[in-house]
Amino acid sequence: MREPGPYGHAKKWTLILAIDCAGRKWCRFAKVPGTTVEIFNSFIADNIRTTHGMVPGSPAFQSRVFMWDNLSAHHSVIVYNTVTWTGHQVLARPPYRPCDGPIEYVFNHLQVELTHRIYTITDE
């Protein structure tokens, strides 16, 4: 390394992000190392509970399809039940196919922006 900079990995942050086909976004950003089943399930349950029309029996209910990659927390029975018991479906994206997941473009954009701004970040 030729110059001082924020190279360490002492602080771990986790971003959970959801985007629907209308472009609405939900996110949870926390200073925790990784996504556990409990954290991801809580995020999904909050998303379902707070989104208008996402509860079966409500006048505006529309079944949704939740699509995600192969993170181990995504394949939990608890998460699957949270989605399906509320009348929705789960679609797991095939491994190594980021082009099939529109959210990958958002994560790529975030990574590029953070890379450009890493030297200007001074605190949490």
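Me: In this predicted model, does D46 count as buried, partly exposed or exposed, and what is the cut-off reasoning behind the class?
Reply: A residue is called buried under 20% relative accessible area and exposed over 50%, with partly exposed in between. The relative accessibility of D46 is 26%, so D46 counts as partly exposed.

Me: Which residue of strand β2 forms a salt bridge with D46?
Reply: D46 lies in helix α1 and its partner in strand β2, so the pair ties together parts that are 18 residues apart in sequence. The closest N and O atoms of this salt bridge are 2.6 Å apart. The partner, at 25% relative accessibility, counts as partly exposed, and the residue asked for is R28.

Me: How far apart are the closest N and O atoms in the salt bridge between D46 and R49?
Reply: D46 and R49 are three residues apart in helix α1, and therefore they are separated by about one helical turn. R49 is exposed, with a relative accessible area of 55%. In the salt bridge that D46 forms with R49, the closest N and O atoms are apart by 2.4 Å.

Me: What span should helix α1 have, and what is the distance between its end C-alpha atoms?
Reply: Helix α1 covers residues 37–50, which makes 14 residues, and at 1.5 Å a residue it should span 20 Å. The computed distance agrees with this expectation, since the end C-alpha atoms are apart by 20 Å.

Me: Which side chain makes a polar contact with the side chain of N41?
Reply: N41 is in helix α1, and at 15% relative accessibility N41 counts as buried. Leaving aside neighbours within four places in sequence, N41 is in contact with I78, V79 and T82. The polar contact, at 2.6 Å, is made with the side chain of T82.

Me: Which elements do the buried residues of α1 pack against?
Reply: The buried residues of α1 are F40, N41, F43, I44, A45, N47 and I48. These buried residues pack against three strands and a helix, namely β1 (14–19), β2 (25–30), β3 (65–68) and α2 (77–84).

Me: Which residue forms a salt bridge with E104?
Reply: The pair links distant parts of the chain, with E104 in helix α3 and its partner in the loop between β4 (89–92) and α3, eleven residues apart. E104, at 24% relative accessibility, counts as partly exposed, whereas the partner is buried, with a relative accessible area of 8%. The closest N and O atoms are 3.0 Å apart, and the partner is R93.

Definitions and conventions. Residues are numbered from 1 along each chain as its sequence is written. This is a predicted model: local features need pLDDT of at least 70, side-chain atom pairs count only at pLDDT 80 or more; totals for chains, interfaces and linings use all residues. Side-chain values use heavy atoms; hydrogens and water are left out. Helices (H or I, at least four residues) and strands (E, at least two) are DSSP runs, numbered from the N terminus. The expected span of a helix is 1.5 Å times one less than its number of residues. Buried means under 20% relative accessible area, exposed over 50%, partly exposed in between (1.4 Å probe, protein chains only). Contact means heavy atoms within 4.5 Å. A polar contact is a pair of N or O atoms within 3.5 Å; within protein, one must be able to donate a hydrogen and the other to accept it, and residues adjacent in sequence count only if both atoms are side-chain atoms. A salt bridge is a side-chain nitrogen of Lys or Arg within 4 Å of a carboxyl oxygen of Asp or Glu.
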